[in-house]
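Welcome! Take a moment to turn the model around on your screen, and then let us walk through it together.

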Amino acid sequence: MRFDVLTLFPELFAPFLASGINRRAFASGQVDVRFWNPRDFSEGNYRRVDDRPFGGGPGMVMMAEPLARCVEAVFADRGEPAPVVLFSPVGQPLRHSLVTEWAASAGALLLCGRYEGLDQRFIDRYVTHQISLGDFVLSGGELAALALLDAVARLQPGVLGDADSHAQDSFNPELDGLLDCPHYTRPEVWRDMPVPAPLMSGHHAQIERWRREQRLALTAKRRPDLIAAARADGRLQSKDEQYLQQLPLPGL
Ligand SMILES: C[S@@+](CC[C@H](N)C(=O)[O-])C[C@H]1O[C@@H](n2cnc3c(N)ncnc32)[C@H](O)[C@@H]1O
């Protein structure tokens, strides 16, 4: 899988891609990440990539031509066109389901905006997908690109030490899209706080039931929309429903 990142600030990426468990995926080329700077495709001595907005108003807008030339150069290097993802607050919110789609893909061009955004004519001509990191505004798309690369890399086979560990994570369909349960490690008692008894029981079924109930309770409290989705898909068992009904949460 190959991702070409188009950014005015490629230096923001290197330490991140070289650190933590995901570095294996990037170092081995399993997730092949390459960088392109639209400034290298601008004209004139000032290597200008932005200009004032037509119609007035604050800020600057990324010009269409350097971006278009940069995208065309990436297509030529790849030998064929590929999806062009623009990170933008007006995009589709980044969720687990979207991450799994990109994790199973052949990759894409990841375009990081800056300033007030990009000339809409470039977007209309080249951009195939728009992704938002959430309902807030960043100063650039680089953090959103890093978020997608990180989430995609950890889903690649062999990247996490334990093959099952992402199956246990929040939002995973294998755990019915629920939030993760709390985790504990040594010591058994920390500052008068013991580890919950079921985890110390050594009884596999009891541990799994406790974890399931913790997931249900946390999800019902924080993300009732995920409980509703699991219910709509018929993923909750009658034991789960019984447990949810006795929680002190109205309207479940
Ligand atoms: C200052 S923002 C532009 C915000 C834009 N004027 C708006 O209000 O929607 C500059 C760049 O940061 C990136 N960005 C900002 N917020 C983002 C978000 N929530 N998700 C993804 N990218 C974001 C985009 O690439 C955007 O072009």
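Contacts make a good place to begin: in this predicted model, take the contacts of the protein chain between residues at least 6 apart in sequence, and 73% of them join residues at least 24 apart. As you trace the chain, you can look for the elements that take part in its fold: the secondary structure comes to 10 helices and 9 strands.

Now step back and consider the overall dimensions. The C-alpha trace of the protein chain spans about 70 × 40 × 40 Å along its principal axes. How does the radius of gyration of the protein chain stand beside that of a compact globule of 252 residues? Such a globule would have a value near 18 Å, but the protein chain has 23 Å.

Next comes the surface. Of the 252 residues in the protein chain, 41% count as buried. About 14500 Å² of the protein chain is exposed, and carbon and sulfur atoms supply 53% of that area. As for charge, the protein chain carries 27 positive and 32 negative side chains. The centres of these two sets lie 3 Å apart.

Finally, let us visit a single residue. His204 has its place in helix H8, which covers residues 204–222. Is His204 buried or exposed? His204 counts as exposed because its relative accessibility is 60%, and the cut-off for exposed is over 50%. From His204, you can also look across to Phe35: these two are 169 residues apart along the chain, and their C-alpha atoms are separated by 47 Å.

Note on methods
Residues are numbered from 1 along each chain as its sequence is written. This is a predicted model: local features need pLDDT of at least 70, side-chain atom pairs count only at pLDDT 80 or more; totals for chains, interfaces and linings use all residues. Side-chain values use heavy atoms; hydrogens and water are left out. Helices (H or I, at least four residues) and strands (E, at least two) are DSSP runs, numbered from the N terminus. The radius of gyration is taken over C-alpha atoms; the globule rule is 2.2 Å times the number of residues to the power 0.38. Buried means under 20% relative accessible area, exposed over 50%, partly exposed in between (1.4 Å probe, protein chains only). Contact means heavy atoms within 4.5 Å. Accessible areas come from the Shrake-Rupley method with a 1.4 Å probe; for residues, only the protein chains shown count as cover. Lys and Arg count as positive and Asp and Glu as negative; His and the chain ends are not counted. The place of a charge is taken as NZ of Lys, CZ of Arg, CG of Asp or CD of Glu.
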